[in-house]
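Okay, thanks for making time, everyone. Let me put the structure up, and then we'll go through it together.

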2 protein chains.
Amino acid sequence: MENTEEGQGQCPAETLLKQLAGKWKPQIFRIALAGPVRFNALLRQLDGSSKQAIASALKEMEEQQLIEKQVIKLKPLHIEYILSERGRSLIPIFRQLEHLA
Amino acid sequence: MENTEEGQGQCPAETLLKQLAGKWKPQIFRIALAGPVRFNALLRQLDGSSKQAIASALKEMEEQQLIEKQVIKLKPLHIEYILSERGRSLIPIFRQLEHLA
DNA sequence: TCAATTAGTCAGAAATTCTTGACTACCCGC
DNA sequence: GCGGGTAGTCAAGAATTTCTGACTAATTGA
C-alpha cells in the first residue's frame, strides 16, 4: 500500500523519532557531529552497511533538513555531508539520548 | 539471519532510539503518560493497529523497562500497563522530542 | 447455554527495509 | 586505453516488520 504522505499527526514525538531512528541514521548523525563526512567514508566506517541503505538514509536526512550536501570542486570531486542548522539544534537532545541509554 | 543480541555498541543513542521508535511505541508511550492503559483500549485508540503489533510493542517496552504490567483482580480481570520508573524518567526527553519536531 | 468482553497467541500473507552485485559517469595517473 | 577512486543508481532477493483472521481461555450477564 502506498503511504502517500499520510502523517501520524496525533503524536509529534513520533515525527522526530522517525527522522532520527533507523538502522543507520543514528550512526550517521553521530559521525556527522564530528565534522563533514563523505559517502564512501561512511560506507567504510559503517560495517555491514550498503551503498543503497546509506544513500537512502542520507537522502531522507537531507529532506528532513538534518544534514546538508556540499559539493567540493576539487580534483576527484568530493561531496560532503554536514549537519544543517536544524541538525545542529538537535545535538543537545541527541546527547541526552546517549546519556540516558 | 539471527540477530542474537548483537548490540550496536558504538552508538549509545541508537539503543534508546530503538526502544522509543517504531510504528506504535511512541503513541503507546504518549497515551501511557496520561495514566494506566489497557490492551483493548489501546487497540481501539490506535487506528489501524493490530493485536499482534500492540502485543509485541508492549512486550518489548516491558522488557526494556519502559512500562510495567499490573494485573487488577476485578470481576472481568483487567491488566493495566503503566510507565515504570525508567519510563517516567524519560518523560522530559519525550516532551523535548515533541516540542522540537 | 449463548453471546460478549477481557487479554492475548499463532500462522500465513502482505508490506517495508536492507543487502548484494552490476552498472553509470567523471576524473586522475600511468 | 586501463585501473582505481569519487558518488551514486538500479534490480533482485533476503530479512524484518506488520496486518489479518482464526483460535484459546476465563468471566459475566441474559
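I'll start with the contact between the two chains and then turn to the DNA strands. Just so we're clear, this is a predicted model.

So, chain A against chain B. We have 22 residues of chain A in contact with 22 residues of chain B. On the chain A side, the elements giving two or more residues are α1 (12-20), α2 (25-33) and α6 (91-100). The largest share there comes from α1(A), with eight residues. And what's the make-up of that side of chain A, by nonpolar, polar and charged? It's 14 nonpolar, four polar and four charged.

Okay, on to the DNA. Around strand C there are 22 residues, and the ones that come nearest are A:Lys23, A:Ser50, A:Gln52, A:Ala53 and B:Asn40. Which elements supply at least two residues each to that surface? From chain A it's α4 (51-63), and from chain B it's α3 (39-45), α4 (51-63) and β3 (78-83). By class, the surface near strand C splits into eight nonpolar, nine polar and five charged residues.

Now strand D. Here there are 22 residues around the DNA, with A:Arg38, A:Asn40, B:Ser50, B:Ala53 and B:Lys75 coming nearest. For this strand, α3 (39-45), α4 and β3 (78-83) of chain A each put in at least two residues, and so does α4 of chain B. As for classes, the surface near strand D has eight nonpolar, nine polar and five charged residues.

That's my tour; happy to go back to any part of it.

Note on methods: Residues are numbered from 1 along each chain as its sequence is written. Chains are lettered from A and ligands numbered from 1 in the order in which they are written. This is a predicted model: local features need pLDDT of at least 70, side-chain atom pairs count only at pLDDT 80 or more; totals for chains, interfaces and linings use all residues. A residue is near a molecule or strand if its C-beta atom, placed from the backbone, lies within 6 Å of it. Helices (H or I, at least four residues) and strands (E, at least two) are DSSP runs, numbered from the N terminus. Ala, Val, Leu, Ile, Met, Phe, Trp, Tyr, Cys and Pro count as nonpolar, Asp, Glu, Lys and Arg as charged, and the others, Gly among them, as polar. Two residues are in contact if their C-beta atoms, placed from the backbone, lie within 7 Å.
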